[in-house]
Amino acid sequence: MVPVLRTVGTPDVLKLQPVDDETAGESLALRNRAGRGAVRRLNRERASGSMLVERLDRPARPSTCPPSSPPGV
């Protein structure tokens with residue numbers, strides 16, 4: 001994880017990881033979540049497994065966070 005500042009001025013994170021059985025589906029999963037309860041994937045490079053994702057130290061967007069429930073409810 002490498003903090004980056006994009007040319008548009010947004011602070012994001014470059015996630016560098018090898019593509020293996022454990023990480024192969026992560027990019028697709030983040031794209032499908034689209035920021036709902038997970039970071040937003042902004043871009044990716046398929047061959048290397050690297051992804052540009054939103055930085056989590058920014059305030060959360062409440063409208064995209066799923067409601068939480070106590071266990072067993």
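**Exercise 1.** Where is the place of Thr23, in terms of strand E2 and helix H1?

*Solution.* This is a predicted model, in which local features need pLDDT of at least 70 and side-chain atom pairs count only at pLDDT 80 or more, while totals for chains, interfaces and linings use all residues. Residues are numbered from 1 along each chain as its sequence is written, and side-chain values use heavy atoms, with hydrogens and water left out. Thr23 is found in the loop between strand E2 (11–15) and helix H1 (26–33), where helices (H or I, at least four residues) and strands (E, at least two) are DSSP runs, numbered from the N terminus.

**Exercise 2.** Decide whether Thr23 is buried or exposed.

*Solution.* Buried means under 20% relative accessible area, exposed over 50%, and partly exposed in between (1.4 Å probe, protein chains only). Because its relative accessibility is 15%, Thr23 counts as buried. Leaving aside neighbours within four places in sequence, Thr23 is in contact (heavy atoms within 4.5 Å) with Gln17 and Pro18.

**Exercise 3.** Work out which strands stand at the edges of the sheet.

*Solution.* Begin with the strand order: the open sheet has four strands in the order E1-E2-E4-E3, with antiparallel pairing, and two strands pair if DSSP finds at least two bridges between them. Strand E1 (2–5) and strand E3 (41–45) each have a single partner strand and stand at the edges, so one side of each is left without a neighbour in the sheet.

**Exercise 4.** Describe how E1 is joined to E2.

*Solution.* E1 and E2 run antiparallel and are joined by four bridges. Along E1, Pro3 stands opposite Val13 in E2, and Val4 stands opposite Asp12 in E2.
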